[in-house]
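Work through these exercises with the sequence and the model open side by side. Try each task before reading its solution.

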Amino acid sequence: MDAAMTEAILSSLGMQRIKSTGGGKNIMFCCPYHAESNPSCGISPEKNSGACFSCGQSFNIASLTMHVLQCSY
């Protein structure tokens, strides 16, 4: 998945303060797994994996979407 698609998905999920870092290879945003006001959650679009550097939760875009939408497979 490319960065533009990942950013679009994050935006549609209501993620706040989305920004690209590291030459656009990673995308940072506020973690939906715990309340915060500074982005500590990051995802790599090319690896489709991410983690929160504050709470330690790891995820991919599918598990993040399911968590935000409160649904399961």
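**Exercise 1. How many bridges join S1 to S2, and which residues stand opposite each other?**

Solution. This is a predicted model. Start with the count: three bridges link S1 and S2. The two strands run antiparallel. Next, pick out partners. Ser20 sits opposite Ile27 of S2. Thr21 has Asn26 in S2 as its bridge partner.

**Exercise 2. Place the strands in their sheet, and find the edges.**

Solution. Move on to the next pair. S2 and S3 are also antiparallel, joined by three bridges. Within this pair, Met28 stands opposite Gly42 of S3. Now take the whole sheet. The order is S1-S2-S3-S4-S5, five strands in an open, antiparallel sheet. Strands pair through backbone hydrogen bonds. The edge strands are S1 (19-21) and S5 (58-59). Each has a single partner strand, so one side of each lacks a neighbour in the sheet.

**Exercise 3. Which strands does helix H1 lie across, and at what angle does it run to S2?**

Solution. Find H1 at residues 3-12. The helix lies across S1, S2 and S3. Its angle to S2 is about 15°.

**Exercise 4. Trace the largest nonpolar core and its suppliers.**

Solution. The core has twelve residues. List them: Leu10, Leu13, Met15, Ile27, Phe29, Cys31, Cys41, Ile43, Cys52, Phe59, Ile61 and Leu64. Then ask which elements supply them. Strand S2 (26-29), S3 and helix H2 (61-69) each give at least two residues. Take Ile43 as one member. Beyond four places in sequence, Ile43 touches residues including Leu10, Ile27, Phe29, Phe59 and Ile61. Its contacts also include Thr6, Lys25, Asn26, Ser49 and Gly50.

**Exercise 5. Which residues form an aromatic cluster?**

Solution. Count the pairs: the structure holds two aromatic pairs. Then name the cluster: Phe29, Tyr33 and Phe59. Phe29 and Phe59 also appear in the core list of Exercise 4.

**Exercise 6. Is Ser44 buried or exposed?**

Solution. Locate Ser44 first: it lies in strand S3, residues 41-44. Read its relative accessible area, which is 10%. The cut-off for buried is under 20%. Ser44 is therefore buried. Finally, check the contacts. Setting aside neighbours within four places in sequence, Ser44 contacts Lys25, Asn26 and Ser49. Ile43 also touches Lys25, Asn26 and Ser49.

Key. Residues are numbered from 1 along each chain as its sequence is written. This is a predicted model: local features need pLDDT of at least 70, side-chain atom pairs count only at pLDDT 80 or more; totals for chains, interfaces and linings use all residues. Side-chain values use heavy atoms; hydrogens and water are left out. Helices (H or I, at least four residues) and strands (E, at least two) are DSSP runs, numbered from the N terminus. Buried means under 20% relative accessible area, exposed over 50%, partly exposed in between (1.4 Å probe, protein chains only). Contact means heavy atoms within 4.5 Å. Rings of Phe, Tyr and Trp (its six-membered ring) pair if their centres lie within 6.5 Å; planes under 30 degrees apart count as stacked, over 60 as edge-to-face and the rest as tilted. A nonpolar core is a set of buried Ala, Val, Leu, Ile, Met, Phe, Trp, Tyr and Cys residues joined through side-chain atoms within 4.5 Å. Two strands pair if DSSP finds at least two bridges between them. Axes are lines fitted to C-alpha atoms, for helices over the stretch in contact, and angles run from 0 to 180 degrees between N-to-C directions.
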